[in-house]
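Student: I would like to take a close look at a single part of this protein, and to see how that part sits among its surroundings. Could you walk me through it slowly?

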Amino acid sequence: MEVISERFHVVADLDADTARRIATHLELTADTLESLGFYVRQPELPVSVIVFDGEEEFGAYRVGTDARAFAAYSEDRLYIAIAWNAPGDPWQALSHEWAHLTTDFKALPPWFREGLADHLSLARGDGLEPVTPTNLVNALLSKYWLPIDQLLRAGDEDAARRHEQFYPQSWLAVSWLAETEGLPVREITPYMLQGRLLASGMHELEVQLRAYASELQLRAASSRSARRA
Ligand SMILES: [Zn+2]
């Protein structure tokens, strides 16, 4: 099934309705990220979105071992490829990949690149606070962490990059910086976390980040009970 929208050319191994919703979702994501100052880096290039039904069909195109989606660019085209029926939320995965295409992702350290993409994938367009993914927060609060110096140093080929807390901790760190630096998220840089590590040391930094995760969990719980009231 093929759907062409303003920015996207979706080719999906799925029903027409889902293919249309994918194009609409990506257009909304792109609008939201533009409102935060994140523009696609080569706006003149067409964007192909290739949606495979499951991980088996996606397998031959997979980049890396664990990803269910990726973003890439060539000289004449940008790509997002995704396995639709795979663990995790496919809508968030689409937004995450679009976020990569709006940042200089090959130049950024992995923790910042992935943390920023997750942070942006949860942004909402109307200036509201980003959604808190309770699954990420619960994972963070219930398990051991990757030592923060290893998180910051991890290259794409390192074992730390595949640690189960790599994505949750990266997301938390970027979200914490975005909230506490008092700057637009567009102006947050990886050096800010490095600076805080130098200022407070690894133990104290983890204490502060864990406190922020608990705070997010409380906020998410109180917004859920406010919605029920
Ligand atoms: Zn990513």
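Student: Before we go to the part itself, which domains does the domain assignment of the protein give? After that, please look closely at helix 4 and its surroundings.

Tutor: Keeping in mind that this is a predicted model, the domain assignment gives domain 1 as residues 2–102 and domain 2 as residues 134–228. The centres of the two domains, taken over C-alpha atoms, are separated by 26 Å, and the contact draws four residues from domain 1 and four residues from domain 2. On the side of domain 1 that touches domain 2, the residues divide into two nonpolar, one polar and one charged.

Now to helix 4, which covers residues 110–121. This helix has twelve residues and reaches 16 Å from its first C-alpha to its last, close to the 16 Å expected at 1.5 Å a residue. Twelve of its twelve residues are buried, so helix 4 is largely enclosed by the rest of the structure. Among these buried residues are Trp111, Phe112, Leu116 and Leu120, and also Arg113, Glu114, Asp118 and His119. The buried residues of helix 4 pack against helix 1 (16–35), helix 3 (90–101), helix 6 (148–153), helix 7 (166–180) and helix 8 (190–228).

Of these neighbours, helix 1 deserves a look of its own. Helix 1 has 20 residues and reaches 29 Å from its first C-alpha to its last, close to the 28 Å expected at 1.5 Å a residue. Its buried residues are Ile22, Ala23, Leu26, Thr29, Ala30, Thr32 and Leu33, and what covers them includes helix 4 and helix 3 together with strand 1, strand 2 and strand 3. Just after helix 1, Gly37 takes a positive phi of about 90°.

Those strands lead on to the sheet, in which five strands form an open arrangement in the order 1-2-3-5-4, with mixed pairing. Strand 1 (2–4) and strand 4 (69–73) are the edge strands, each pairing on one side only, and the twist averages 15° from one strand to the next. Strand 3 (residues 47–54) and strand 5 (residues 78–85) run parallel and are joined by seven bridges; within this pair, Ser48 has Tyr79 of strand 5 as its bridge partner. Helix 1 packs on the sheet by touching strand 1, strand 2 (8–12) and strand 3, its direction making about 150° with that of strand 2. Helix 3 also packs on the sheet, touching strand 4 and strand 5, and its direction makes about 165° with that of strand 5.

Definitions and conventions. Residues are numbered from 1 along each chain as its sequence is written. This is a predicted model: local features need pLDDT of at least 70, side-chain atom pairs count only at pLDDT 80 or more; totals for chains, interfaces and linings use all residues. Helices (H or I, at least four residues) and strands (E, at least two) are DSSP runs, numbered from the N terminus. The expected span of a helix is 1.5 Å times one less than its number of residues. A residue is buried if 20 or more other C-beta atoms lie within 10 Å of its own, exposed if 12 or fewer, and partly exposed in between; C-beta atoms are placed from the backbone. Two residues are in contact if their C-beta atoms, placed from the backbone, lie within 7 Å. Two strands pair if DSSP finds at least two bridges between them. Axes are lines fitted to C-alpha atoms, for helices over the stretch in contact, and angles run from 0 to 180 degrees between N-to-C directions. Domain bounds come from an automatic or database domain assignment. Ala, Val, Leu, Ile, Met, Phe, Trp, Tyr, Cys and Pro count as nonpolar, Asp, Glu, Lys and Arg as charged, and the others, Gly among them, as polar.
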